[in-house]
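User: I am a first-year student, and I would like to go through a structure with you by question and answer. Please explain each term when it comes up.

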Amino acid sequence: MMNASMHTSGQAAAKGRAEEAPQPAVRSRFRAKMKVVKRYRALLLMTLPGVIYLLINNYFPMLGMAIAFKDINFAKGIMASDWIGFKNFEYLFKTRDAFIITRNTLLYNVVFIILGTVLAIGLAIVLNEIKNRYVSRTYQSIILLPHLISMVIVGYLVFAFLDNSNGFMNKTLLPWLGFPEISWYSEAKYWPYILTIVHVWKSIGYSCIIYLAAIIGIDQEYYEAAKIDGASRLRQIFSITVPLITPVITILTLLSIGRIFYSDFGLFYQVPLNTGILMPVTQTIDTYVYRALINLGDIGMSSAAGMYQSLVGFTLVILSNTVVKKFNKDNALF
Amino acid sequence: MNDGGKWYQGFLHGFMIVLSLLTLFPFVLLLSGSLSDDNEIIRSGYAVIPKMLSFSAYEYLWSDAADIVRAYSITIFVTVVGTVAGLSIIALLSYPLSRREMPFRGPLAFYVFFTMLFNGGLVPTYLVYTNMFDVKNSMLALLVPGLLMNAFYVILMRTFFATSIPPAIIESAYMDGAKEFRIFRSIIIPLSTPVLATVGLFQTIAYWNDWFNGLIYITDPKLFSLQNLLNRILLDVQFLQTSQDSIAMGTHIPLLSMRLAMAVIGIIPILIAYPFFQKYFVKGITIGAVKG
């Protein structure tokens, strides 16, 4: 409407008004926007609880990361505490802890990703080969069960196995095999294996379901054609199934690489029963931050370690997403 | 898919049966340990089948059930309130984000999804919840931090709203004079039961199993949820003893089997409910994987 009236008026007049023209245009665009906002104000209102929650739960802590550069003194209050630059980070990286927690977090994750992926795909293929769908689904439900149990309960289950004096391993399995008893909760060398087994046991059902869904989605005609050509079952698996689910494998793997700087706090804290002597192999960035904060009350060190994790973690998420995007735009996170 | 021979199918079933038994084995060990006599446990350890069946662990727990009942009530309360509140907040946020004509839709979506990429970490979160909002040792500490909602559920729901509800329905309701809240309540919600059930199920399990909030924000044992009580008993052997001492001075307490009996009581509800909800759970995982 506005435009139309401007066109009908003379050229000279339009030119003359050119200087003052932007303002009414901006105002009218603003007014138009306000009109849309007013029309949809109910929808905007609906988002409010969620927006406020994310502000408190996620955005305030992001701003709060600044405390890593402070010498927190509760007597002065957080705001008034002195800025000390990178001192907290210097302290952190001077300790051996920084190396140990980074190494543990990365190594466990690498093993978990490789082993978890291979086993989950293998299991998904086996489940798909089973003709009786009902029974196959029952197996699937059983291997998913550990996923639903809290890590505290997992701690109990592992304890029933490994308890030094009454556990199943020391009282039944090891004597039966003719081995001497092992005091599991004080020997660090066994724990990388124990934690890996527990992790696989707990998480394989979940990833198996995702791979199984991908396999079921494969067009049956490929298999029919392969059969006519005389391909063996093994050949079909490696020449049809695996290549066709490769996009899913790639994406899930890249997503877990994006989270390689994070660890499952429960697995590394609850399952070893918070045992000090096992820490060289059970301490990860997450347990370190927790212990420095809650047990030692060392805000400087724990916030520095937390920020280190957040920043490297963020970089890795962005990197892995860029790679996912290269492979398949639809599967990228953003 | 492949019409394998009988031997081949038999082999596959055999393999899966062994694997299933291995998966379930720890649960069997836990259950039978809780049903064993303590002297028998000391003699031959936690056994697969209890040599001397004994319910004394459960009898003792029953005789002083106050702690368990309180922890159970707290867990149930937190699970119900948290799931309902969380589900409402998630739905209210996801629905506008699914409407193409919503103003500020892009910035709002970014605001939500950025939280998936970056987070402040434990320390600032802890300080926000303890210094800015004094949630320490309160029910809010079990309900709010981290669990109430997250961007992943918002994606799940927004996708459902955007793909499964025809915009024409919303438009015609609007033409008929229905207000946005009315449309949301009377049209969107009834049409969205599958996704509400899925997210609700995820939320229920997350609240039921949560021990982390209790671990960092709760120090008063009176406010322990079930998982926190279990956690305390497992990490601190003395805890069970001291809490039982008052009623059973001098008598023999079956501490070993009682510990396991506590854990059994903790998982029984999930084990009973699992056959009924596992179908929806599996479906939820597959939907989540498609866009997540």
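User: In which helix of chain B is Thr159(B) found?
Analyst: This is a predicted model, in which local features need pLDDT of at least 70, side-chain atom pairs count only at pLDDT 80 or more, and totals for chains, interfaces and linings use all residues. Residues are numbered from 1 along each chain as its sequence is written, while chains are lettered from A and ligands numbered from 1 in the order in which they are written. Helices (DSSP runs of H or I, at least four residues) and strands (runs of E, at least two) are numbered from the N terminus, and the helix that holds Thr159(B), residues 151-164 of chain B, is α8.

User: Is Thr159(B) buried, partly exposed or exposed?
Analyst: A residue is buried if 20 or more other C-beta atoms, placed from the backbone, lie within 10 Å of its own, exposed if 12 or fewer do, and partly exposed in between. Because Thr159(B) has 19 C-beta neighbours inside 10 Å, it counts as partly exposed.

User: What distance separates the C-alpha atoms of Thr159(B) and Ser98(B)?
Analyst: Along the chain, Thr159(B) and Ser98(B) are 61 residues apart. In the predicted model, however, the separation of their C-alpha atoms is 7.2 Å.

User: Which residues have the most contacts inside the largest nonpolar core?
Analyst: A nonpolar core is a set of buried Ala, Val, Leu, Ile, Met, Phe, Trp, Tyr and Cys residues joined through C-beta atoms within 7 Å. The largest one has 118 residues, and those with the most contacts inside it are Ala160(A), Ile90(B) and Met157(B).

User: Which residue of chain A does Ile90(B) touch?
Analyst: Two residues are in contact if their C-beta atoms, placed from the backbone, lie within 7 Å. Leaving out residues up to four places away in sequence, Ile90(B) touches several residues of chain B, among them Met149(B), Tyr153(B) and Met157(B). From chain A, Ile90(B) touches Gly50(A).

User: Which helix gives the most to the side of chain A that touches chain B?
Analyst: The contact takes 77 residues from chain A and 80 residues from chain B. On the side of chain A, the residues divide into 52 nonpolar, 20 polar and 5 charged, where Ala, Val, Leu, Ile, Met, Phe, Trp, Tyr, Cys and Pro count as nonpolar, Asp, Glu, Lys and Arg as charged, and the others, Gly among them, as polar. With 17 residues, the helix that gives the most to this side is α4 (residues 41-64) of chain A.

User: How far apart are the centres of domain 1 and domain 2 of chain B?
Analyst: The bounds, which come from an automatic or database domain assignment, give chain B domain 1 (1-54) and domain 2 (65-290). In this pair, 7 residues of domain 1 are in contact with 7 residues of domain 2, and α1(B) gives the most to the domain 1 side, with 4 residues. Taken over C-alpha atoms, the centres of the two domains of chain B are separated by 32 Å.

User: Over which residues of chain B does pLDDT stay under 50?
Analyst: pLDDT is the predictor's confidence in each residue, from 0 to 100, and its mean for chain B is 87, with 91% of the residues at 70 or more. Where pLDDT is low, the predicted coordinates should not be read in detail. In chain B, the stretch with pLDDT under 50, for which the model has 3 contacts beyond four places in sequence, is residues 245-250.
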